[in-house]
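Q: Hey, I'm new to this one and could use a quick tour. Can you walk me through a few spots?

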Amino acid sequence: MATLIRGKLSNKLSNAATAVSNKSQAKVSGMFARMGFQAATDEEALGFAACDDLDYDHRQGMQMDIMTSDEKGGEASGDGGALDGDSHYQRDGTGPSPSASKDGGSTNELSEVKPKITAWEAGWNVTNAIQGMFVLGLPYAILHGGYLGLFLIIFAAVVCCYTGKILIACLYEEDEDGQLVRVRDSYVDIANACCAPRFPSLGGHIVNVAQIIELVMTCILYVVVSGNLMYNSFPNMPISQKSWAIIATAALLPCAFLKNLKAVSKFSLLCTLAHFIINILVIAYCLSRARDWAWDKVKFYIDVKKFPISIGIIVFSYTSQIFLPSLEGNMQKPSEFHCMMNWTHIAACILKGLFALVAYLTWADATKEVITDNLPPGIRAVVNLFLVSKALLSYPLPFFAAVEVLEKSFFQDGGRAIFPDCYGADGRLKSWGLTLRCSLVVFTLLMAIYVPHFALLMGLTGSLTGAGLCFLLPSLFHLKLLWRKLLWHQVFFDVAIFVIGGICSISGFIHSMEGLIEAFRYNVQE
């Protein structure tokens, strides 16, 4: 009898201890999901490098689904531990989320499980990010880099593919059974985990600042390229490039009233297909002039002063890391992520290399910053009009992502915001929220007017934030979080990427700034 009583007491104490241990582990791992500034992922915008920013709304106010009774705790432990860190989330039922009030939807609608995407769909989104209209600046990179520029297109593809994989590896940790469990959800979570416990939110702030800079600079580049393309399409009209930029921005003012991306995302597929058609037209024209290709103009030496700018241009054309965590989390089979990254970057490397080389061989030293400006007037006007339409329709994606991050950081940061909420109880945008959005549109216009240099801005952005988000931070986070599990060659790769990326980033930033200063000093127009 005494043995039976002792056995029952031992079982109860064991179950209680297991339940408490599971709860503590779940709460600790759940802290990573609540650190930093995150934003709601818009499934329509996965094709742009802003999805990691848009993950905020769906994570803000979330809490772990933890069993509170000892009996349920015993059942959980008996089932092999149902609590897997951050794998069980539920919406806090204390009130509607900010995104719910904006869209007029209920909390239940937002908490529904979103449909997963296949590896092909994920690859399409990555392709949209790294095969965008900014490839138009790659021939200009070959102009100053020659064959080394072609090598860098291949090298950047390999490195960005690798850093994308190790960034996803930082989302996972091993449980007691040696199984990988996803304990983080975004780039911000990874950064916060690296800075914890001393500065638990510092990493998130750094990543958010870098993302905002890259998103805003992308918006500026869309306005710059729109003004440039329109000016070169109709050179006989008495309208300057700055005036065309103002006209383009006037068409973008309705972006200030966007509540979601559904109104513009339906055009994304059409825009992407149009861009591929434009690339084919440019390559077809270049092939028609194959007899006149200037192979002797492709150099083995580089322009030391301008080549670092080319590095920034090439790196910027491959930036996709900021949305990869959200993309991988939405895949039906996350195990296919590595394969998807391989074939998308191989395809991008081949297409970019061929496009840049063929275009440069056609125009050689006359290659301009935006390659379509080299086309004959008739073809140029048609192609440029399509490109302007694509640029204007692409502008809302980075703009909306930047607005979301700013609003969550300064207006809706879980009760800790510096300013009051941008939205009222009825979901309407308040005056200061509209002012924020309009100010951002006007800021992109002013930058496009006073710095109308597409290649220099692209090189500056790629050197400043592109290299940081694609080269420096992923390798640093990989070393910090997985140091004890890395093999010697992985440590070597990470350190080498960090050092090379740092050198390229600093040199590219310095020379891009020197180029902009020189352009201002001598009033150089694009």
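Q: Where does aspartate 303 sit?
A: This is a predicted model, and in it aspartate 303 is in the loop between helix 12 (268–288) and helix 13 (307–316).

Q: Is aspartate 303 buried or exposed?
A: Neither quite: aspartate 303 has a relative accessible area of 31%, so it counts as partly exposed.

Q: And what does aspartate 303 touch, leaving out residues up to four places away in sequence?
A: His144 and Pro308. The C-alpha of aspartate 303 is also 9.0 Å from that of glycine 146, which is 157 residues away along the chain.

Q: Switching topic, how many aromatic pairs are there?
A: The structure has ten. One of them is tyrosine 162 with phenylalanine 493: the ring centres are 6.2 Å apart and the planes are at 80 degrees, so that pair is edge-to-face.

Q: Which helices does that pair link?
A: Tyrosine 162 is in helix 7 (residues 138–169) and phenylalanine 493 is in helix 20 (residues 488–521), with the two positions 331 residues apart. Tyr162 and Phe493 also form one aromatic cluster with Phe492.

Q: What about tryptophan 293 and tryptophan 295?
A: Their ring planes are at 65 degrees, with centres 6.2 Å apart, so this pair is edge-to-face. Tryptophan 293 is buried because its relative accessibility is 17%, under the 20% cut-off, while tryptophan 295 is partly exposed at 46%.

Q: Last one: what lies over the face of tyrosine 318?
A: Lysine 352, at 3.5 Å from the ring centre.

Definitions and conventions
Residues numbered from 1 in each chain as written. Predicted model: local features only at pLDDT ≥ 70, side-chain atom pairs only at ≥ 80, totals over all residues. Heavy atoms only, no water. Helix = DSSP H or I, 4+ residues; strand = E, 2+ residues; numbered from the N terminus. Buried < 20%, exposed > 50% of the residue type's maximum accessible area, 1.4 Å probe, protein only. Contact = heavy atoms within 4.5 Å. Phe/Tyr/Trp six-rings, centres within 6.5 Å; stacked < 30°, edge-to-face > 60°. Lys NZ or Arg CZ within 6 Å of the ring centre and 35° of its normal.
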